[in-house]
Every structure is written in structure tokens, then in C-alpha cells.
Amino acid sequence: MVPRLLLRAWPRSPAVGPGAPSRPLSAGSGPGQYLQRSIVPTMHYQDSLPRLPIPKLEDTIRRYLSAQKPLLDDGQFRKTEQFCKNFENRIGKELHEQLVAQDKQNKHTSYISGQGFDRHLFALRHLAAAKGIILPELYLDPAYGQINHNVLSTSTLSSPAVNLGGFAPVVSDGFGVGYAVHGNWIGCNVSSYPGRNAREFLQCVEKALEDMFDALEGKSIKS
């Protein structure tokens, strides 16, 4: 089903966001055009970008457990911790070695580091399925399903050349938020499937932004 799409902008000075007058889109090359042609191909600098290696499996497991700890009670966490230990010392170790070997043969790919763990675990799950391996217990743990049920999914592409954009929800009871932050306006689209009230969610987003604006301007926050 097609999700509902709503838009709201918050101008705090002469509006240039959605609904405000703007120059028509143009692909001309003149300096006054809204869009300009580039002589540099889109992927020109791709090969010069630094390549991120696959993180160590133990680091990914540690990040995963750190993210799970605030969400689970002690009993649930100990159970999830045991699933992780079994995975890391058994089939996970084998899958990780295969993933690293594949990575060495595909130098054009890159993995995210930092506090992330989901892409690494997803890749190992996909590899297990591709090899016909029975799904490891880690992925059957309700805690894994819960932390990967993303009710709120967001994305942004802030550019003076982009006036409107959107992002769909990734679960049936979730919200998708496409947002943009510019010099003098903030706007977002909120989409959802039937059963979720996107308009009510959008009103909450507006209230939160207005509260932040009031705080920054030294005004009292309205209840």
C-alpha cells in the first residue's frame, strides 16, 4: 500500500523552503541557473575515497551487546550474551573468515566502522543463508529481532538543489522521515502505512522543533 506523505516547513526568516517562490529548475550552465552542469563525472573521486575494513567479530559482538543491554532485563541479557558467545566461538568465526576472504576479492566495497554492528551481522546472516547453513541461534533470539525492528527510519539530503524528498518506513508499524536542514528553514516529510497516524507524529515533530527554537531564543517552553 502507498504510505501517506506529509510535509511541513518551519521558516524562521524569509522563506526559501517548500511553498516559497524559487527559481525554476533548469539544466543550463549559466551562473544564475538553479542547477548547473558539472564537468566532473559523479563517480570521479570514488576510487580515492578511503576504504573501511570489516571490523573484528569480537568488536561487532561487543557493540551489539552494548546496544542490547539498556533494552533487556538481566535474565534476557544473559541469554542474549550466551547466544553471542556461542556464535562468536563457533559458526560466527567461520562465517567471518569467509566474509573477510570475500572482501579481499572485492576491493570496491567498504564497511562502516564506529559504533555500528548491524551491517556486519547482516552480512554474516546473508552469508550463512547463501551457504545453506542453518540460521545460528543468535538470529533467532527475540532480542535480535527487537533491536532490528526500526520503528523510526530517517534520511536526509540537504542541498540547495533539492527542494523536496522522502524516506519510506522499513516496518509496517513504523515511520519514515525524510528531512532537510537549511540556513533559514527546516522541513521534513513523514510517511507511514495505514494504522499509524503520520499527521499526529508530524505535530509532535513540529512541537519539538518549536520548543528547541524557543529555548535557543530564551523563551519559556509551552507545555
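Angles between helix axes that are neither under 35 degrees, nor over 145, nor from 65 to 115 count as oblique. This cut-off is a handy starting point for the predicted model described here, in which helix α2 (residues 74-89) and helix α3 (residues 91-104) pack at an angle of about 50°. The two helices are therefore oblique to each other. Their axes lie 3 Å apart. On the α2 side, the contact is made by N86, F87 and E88, and these residues meet I91, G92, K93 and L95 of α3. By residue class, the contact of α2 with α3 comprises 3 nonpolar, 2 polar and 2 charged residues.

Helix α2 also packs with helix α1 (residues 57-68), and here the geometry is as follows. The axes of α1 and α2 come within 11 Å and cross at roughly 170°. Since angles over 145 degrees count as roughly antiparallel, α1 is roughly antiparallel to α2. Helix α1 contributes L57, E58, I61, Y64 and L65 to the contact, while α2 contributes F77, T80, E81, C84, F87 and E88. The residues of this contact divide into 7 nonpolar, 1 polar and 3 charged. F87 and E88 of α2 thus appear in the contact with α1 as well as in the contact with α3.

A closer look at individual residues fills in the surroundings of these helices. N86, placed in helix α2, has a relative accessibility of 17% and therefore counts as buried. Neighbours within four places in sequence aside, N86 is in contact with I91 and E137. I91 is one of the α3 residues in the contact of α2 with α3, and E137 falls within helix α5 (residues 137-140).

Helix α5 also holds Y139, which is buried, with a relative accessible area of 6%. Residues up to four places away in sequence not counted, Y139 touches F87, L121, L124, R125 and Y144. F87 is thus a partner of Y139 as well as a member of the α2 side in the contact with α1. R125 and Y139 are 14 residues apart in sequence, and their C-alpha atoms are 7.7 Å apart in space.

Two residues of helix α1 add to this picture. Q68 is found in α1 and counts as buried, because its relative accessibility is 1%. Apart from residues up to four places away in sequence, Q68 touches A143, Y144 and I147. Y144 is therefore touched by Q68 of α1 and is also among the residues touched by Y139. D59, likewise found in α1, counts as partly exposed at 24% relative accessibility. The C-alpha atom of D59 is separated by 8.4 Å from that of F117, 58 residues apart along the chain.

Further along the chain comes helix α7 (residues 198-216), with 19 residues. From its first C-alpha to its last, α7 reaches 27 Å, close to the 27 Å expected at 1.5 Å a residue. At its N-terminal end, α7 is capped by N197, a side-chain oxygen of which lies 3.2 Å from the backbone nitrogen of R199. The buried residues of α7 include A198, L202, E206 and L209, and D211, F213 and D214 are buried too. After α7 comes G218, with a positive phi near 75°.

Key: Residues are numbered from 1 along each chain as its sequence is written. This is a predicted model: local features need pLDDT of at least 70, side-chain atom pairs count only at pLDDT 80 or more; totals for chains, interfaces and linings use all residues. Side-chain values use heavy atoms; hydrogens and water are left out. Axes are lines fitted to C-alpha atoms, for helices over the stretch in contact, and angles run from 0 to 180 degrees between N-to-C directions. Helices (H or I, at least four residues) and strands (E, at least two) are DSSP runs, numbered from the N terminus. Contact means heavy atoms within 4.5 Å. Ala, Val, Leu, Ile, Met, Phe, Trp, Tyr, Cys and Pro count as nonpolar, Asp, Glu, Lys and Arg as charged, and the others, Gly among them, as polar. The expected span of a helix is 1.5 Å times one less than its number of residues. Buried means under 20% relative accessible area, exposed over 50%, partly exposed in between (1.4 Å probe, protein chains only). A polar contact is a pair of N or O atoms within 3.5 Å; within protein, one must be able to donate a hydrogen and the other to accept it, and residues adjacent in sequence count only if both atoms are side-chain atoms.
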